[in-house]
Amino acid sequence: MPYITGANDTQLYVKDWGEGRPVVLIHGWPLNADSWEYQAVKLAEAGYRVIAYDRRGFGRSEQPWKGYEYDTMSDDLAAVIKTLGLKDALIAGFSMGGGEVARYMSRHDGKGVAQAALISSIAPYMLKTDDNPDGAPADVFAGMKDGLRKDRQQFLMDFFESFYGQGTKGVSDAVLRWSWQMAMMGSPKATLDCVDAFGKTDLRPDMSAFDVPTLVVHGTGDETVPIDPTGRAAAKMIKSSTLKEYDGAPHGLTATHADQLANDFLSFLKS
């Protein structure tokens, strides 16, 4: 079943690998489901059923003009879980994918979910406000949208340099090109609108809906989504959370710390 009908009849491309207890992997901005490659293979080989789908507007999924806010995107996640009949699942969101996890837990009561994971996640709140002083100023997100409108191709090529911490641990040139190619598959409209979704959505009210064991993984060297207003804040707000800080790791630790993350997933699933 390569496609599932999401909210507003949007067609979502879904990969469904292996057999066993389900693990749903939700990708970050501006990538697609392929970005979970390292963890998906290892989890499926370990006896889990791994489901990864392209967010609406990205990858091979349909590119509607609207629907790039977390209510609709969590409805898409709900459609994937319902259509595939998933129960006792682990749902894991990387970067902006953490927003879908949080909103699914509140809007859909976490139906079918036994565990959750927030990986380099933007939850609970990225925007700097009086009551969120560690967040990013609004002009950061405005600047991102301006760069995307002027030269999306170059902006995203530059973006991945800090995303993967080039100059520190980093990744190969091939991974940089692969990531850029995934980004170029995305709709320009979706790419723009999702900056507002992950940058300005206050998910703090959703945190109380996490009533399942939750793994929080974040790099202390993350310059894209700094750890203080996100990973550390989320871990404090979720009662049954386990925080794992990867010392010096950048945002894109799904690639830079691929095996470490896969092993932490496996340990968490067995806990």
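Okay, so before anything else, one definition: when I say helix or strand, I mean a run picked out by DSSP, with at least four residues for a helix and at least two for a strand, numbered from the N terminus. And keep in mind that what you see here is a predicted model.

Let's start with charge on the surface. Which residues form the negative surface patch? They are D151, D158, E161 and D173. Helix α4, residues 138-163, gives the most to that patch, with three residues. Take D158 as an example: D158 lies in α4, and its relative accessibility is 46%, so D158 counts as partly exposed.

Now stay on α4, and look at R152, which lies in that helix too. Is R152 buried or exposed? R152 is buried, yet R152 has no salt bridge. The nearest side chain of opposite charge belongs to D151, and that one is 8.0 Å away. A salt bridge here needs a side-chain nitrogen of Lys or Arg within 4 Å of a carboxyl oxygen of Asp or Glu. So what does R152 touch? Setting aside residues up to four places away in sequence, R152 touches G147, A183, M184, G186, P188 and T191.

On to the charges that do pair up. How many salt bridges does the structure hold? There are 19. I'll walk you through three of them.

Pair one is D76 with R56, where the closest N and O atoms are 2.6 Å apart. D76 lies in helix α2, residues 70-83, and R56 sits in the loop between β4 (49-53) and α2, so this pair ties together parts that are 20 residues apart in sequence. What about cover? D76 is buried, with a relative accessible area of 2%, and R56 is buried as well, at 1%.

Pair two is D75 with R107, whose side chains meet in a salt bridge at 2.8 Å, N to O. Here D75 lies in helix α2 and R107 in helix α3, residues 97-107, so the pair ties together parts that are 32 residues apart in sequence. R107 has 41% relative accessibility, so R107 counts as partly exposed.

Pair three brings us back to α4: K145 forms a salt bridge with D196, with the closest N and O atoms 2.7 Å apart. K145 lies in helix α4 and D196 in helix α6, residues 188-200, so this pair ties together parts that are 51 residues apart in sequence. D196, at 25% relative accessibility, counts as partly exposed. And some salt bridges share partners: D71, D75, R103, R107 and D206 are joined into one network that way.

Next, let's go inside. Which residues of helix α7, residues 228-237, are buried? They are P229, T230, G231, A233, A234 and A235. What covers them includes three strands: β6 (113-119), β7 (214-219) and β8 (241-246).

One residue that touches α7 is S121, since T230 is among its contacts. You'll find S121 in the loop between β6 and α4, and at 2% relative accessibility S121 counts as buried. Leaving out neighbours within four places in sequence, S121 is in contact with G93, S95, G98, H218, V225 and T230. For a sense of scale, the C-alpha atoms of S121 and A79 are separated by 22 Å, and those two are 42 residues apart along the chain.

Last topic: the backbone. Most residues other than glycine have a negative phi, and most peptide bonds are trans. With that in mind, here are some spots to look up on the screen.

W29 and P30 are joined by a cis peptide bond, with omega at about 0°. P30 has its place in the loop between β3 (22-26) and α1 (37-45). A123 and P124 are joined by a cis bond too, with omega at about 15°, and P124 is in the loop between β6 and α4.

Then there's positive phi. D9 has a positive phi of about 60°, although D9 is not a glycine. D9 is in the loop between β1 (3-5) and β2 (11-17), and D9 is exposed, with a relative accessible area of 60%. S95, one of the contacts of S121, has a positive phi near 55°. S95 sits in the loop between β5 (89-94) and α3, and S95 is buried, with a relative accessible area of 5%.

Note on methods
Residues numbered from 1 in each chain as written. Predicted model: local features only at pLDDT ≥ 70, side-chain atom pairs only at ≥ 80, totals over all residues. Heavy atoms only, no water. Patch = residues over 30% accessible without salt bridge, like charges linked within 9 Å, V, L, I, M, F, W, Y side chains within 5 Å. Areas by Shrake-Rupley, 256 points an atom, 1.4 Å probe, with all protein chains shown as cover. Lys, Arg positive; Asp, Glu negative; His and termini not counted. Charge placed at Lys NZ, Arg CZ, Asp CG, Glu CD. Buried < 20%, exposed > 50% of the residue type's maximum accessible area, 1.4 Å probe, protein only. Contact = heavy atoms within 4.5 Å.
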